[in-house]
Amino acid sequence: MSWRPQYRSSKFRNVYGKVASREHCFDGIPITKNVHDNHFCAVNARFLAIVTESAGGGSFLVIPLEQTGRIEPNYPKVCGHQGNVLDIKWNPFIENIIASCSEDTSVRIWEIPEGGLKRNMTEAVLELYGHSRRVGLVEWHPTTNNILFSAGYDYKVGGLQDGGVTRMGVSRMGVSPGWEAGTGGAVAGRGAAGELGPVLQEASCKNHRVNRVVFLGSTKRLLTTGVSRWNTRQIALWDQEDLSMPLIEEEIDGLSGLLFPFYDADTHMLYLAGKGDGNIRYYEIGSEKPYLSYLMEFRSPAPQKGLGVMPKHGLDVSACEVFRFYKLITLKGLIEPISMIVPRRSETYQEDIYPMTPGTEPALTPDEWLSGMNRDPILMSLKEGYKKTSKIVFKAPAREKKSVVVNGIDLLENVPPRTENELLRMFFRQQDEIRRLKEELSQKDIRIRQLQLELKNLRNSPKNN
């Protein structure tokens, strides 16, 4: 009996990556050169945010998605942090609210105006200080509004609840914390314990050193990326109920860049992208052995600094697009959209590749989640396209006005610049104010002349004689 290879049929076997044309890319962006292991990019259905290189302090750009092409060097930035920005994340339920964390030990919440920025933004709607060292990660809860999680290098985790700060310390910092929608559970690459809750399971595998971890939706499994004892890049699949040993381990290659996993729960596809690589591998996750089936690989000669991911409701369903990356190419100052497309001949809506997906409405309030309640996300259909706008509003707590007056000057409102970047921002702000005042003064002069002329005409009119 001769051996025959077994071919596994899959509707995603021929998925391919399509790079956007140059006019649909974002060019001329000074992408940060920071070597922190993050993506430095966040995307939603309206805006693209990228951490940029800046002299003194930290900043990031927020660009409307329709504003493609070359970005001007003096394009307005969000530049309120005193240290380098390490991570940014959009609120999944309020599309103009973004969170950022920085080396200055702070986490800040920003409200982007309609239509994008018109001038530099330096004032955040909320500033959170609780970490004693730099903050490397922020993440919003996927089913509960206004629950934000942060992880710092002081081995602490912080939480934001409805604009108020809830401190939740941990004994060891999670390298790659993540939320599992529906259960409210969090997982960390190297464990976490403390006020967040008891440790349910802890994995310790000598052959696999974990760098990143991701929940695999409703499959009750986890996938980790890391390195083996021979320093080769490796992935491992774990049973969420039993972390004593991985279900499978698979070596990828011998490169040194960190592997980032991206999981699409709707199509059960896993994407692996290495930092500094030009390729993106993708697999299909199954419920039976071998659990992980290799599909294909997208290849590109340009190395990637990081990748932003478009939410499902922002995809182009008419083109059978199931995933979209925004690739950061530092050498070219370019953000390149890459669409993962399922080839189909029919132009009708493909229900088999677009099941009901988590929408833009929260399933829980912060109080319900903190009381221990869990609920599956509210699903939406992509058949009619995404048109619904969220009516949820971010409420920041009222701040107490404090003042320290010396010689008639409030020192807290008039803080002298401490860095060159702050000095430049203050200079340009004063120039704008001087320009506005000059225009206002000239308009008033014109109005005064008009009134004087009208008064002269009234005095010289025949009726007055």
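Contact here means heavy atoms within 4.5 Å of each other. Keep that cut-off in mind for Thr 144, and remember that this is a predicted model.

**A threonine in a loop**

By that cut-off, Thr 144 touches Phe 93, Pro 362, Leu 364, Thr 365, Pro 366 and Trp 369, leaving aside residues up to four places away in sequence. You'll find Thr 144 in the loop that links strand S12 (135–140) and strand S13 (147–152). Is this loop residue buried or exposed? Its relative accessibility is 1%, and buried means under 20%, so Thr 144 counts as buried. There's a long-range neighbour to check as well: Asn 374 sits 230 residues away along the chain, yet the C-alpha atoms of Thr 144 and Asn 374 are separated by 9.3 Å.

**Two open sheets**

Next, a pair of four-stranded sheets. One has its strands in the order S3-S4-S5-S7, with antiparallel pairing. Its edges are strand S3 (41–43) and S7, each of which pairs on one side only. The other open sheet runs S22-S23-S24-S25, and its pairing is antiparallel too. Strand S22 (259–264) and strand S25 (292–298) are the edges there, again with pairing on one side only. Going from strand to neighbouring strand, ignoring direction, the average turn in this S22-S23-S24-S25 sheet is 25°.

As a reminder, strands of a sheet pair through backbone hydrogen bonds, either parallel or antiparallel. Here is one strand pair from each sheet:

| Strand pair | Bridges | Direction | One bridged residue pair |
|---|---|---|---|
| S5 (residues 58–64) and S7 | two bridges | antiparallel | Gly 58 with His 81 of S7 |
| S22 and S23 (residues 269–274) | six bridges | antiparallel | Pro 261 with Leu 272 of S23 |

**The helix H2**

Strand S7 turns up again at helix H2: S7 (78–81) is included in what covers the buried residues of that helix. Which residues of H2 are buried? Asn 421, Glu 422 and Arg 425 are.

How does the span of H2 compare with what its 40 residues should give? Helix H2 covers residues 420–459, and at 1.5 Å a residue it should span 58 Å; the end C-alpha atoms are 58 Å apart, so the two values agree.

There's an annotation to go with this stretch. An unreviewed UniProt entry places a "coiled-coil region" at residues 434–461. In the model, the chain over residues 434–461 is 93% helix and 0% strand, with the end C-alpha atoms 41 Å apart.

Terms used: Residues are numbered from 1 along each chain as its sequence is written. This is a predicted model: local features need pLDDT of at least 70, side-chain atom pairs count only at pLDDT 80 or more; totals for chains, interfaces and linings use all residues. Side-chain values use heavy atoms; hydrogens and water are left out. The expected span of a helix is 1.5 Å times one less than its number of residues. Buried means under 20% relative accessible area, exposed over 50%, partly exposed in between (1.4 Å probe, protein chains only). UniProt positions are given in the numbering used here, feature names are shortened, and annotations may be inferred rather than shown by experiment. Two strands pair if DSSP finds at least two bridges between them. Axes are lines fitted to C-alpha atoms, for helices over the stretch in contact, and angles run from 0 to 180 degrees between N-to-C directions.
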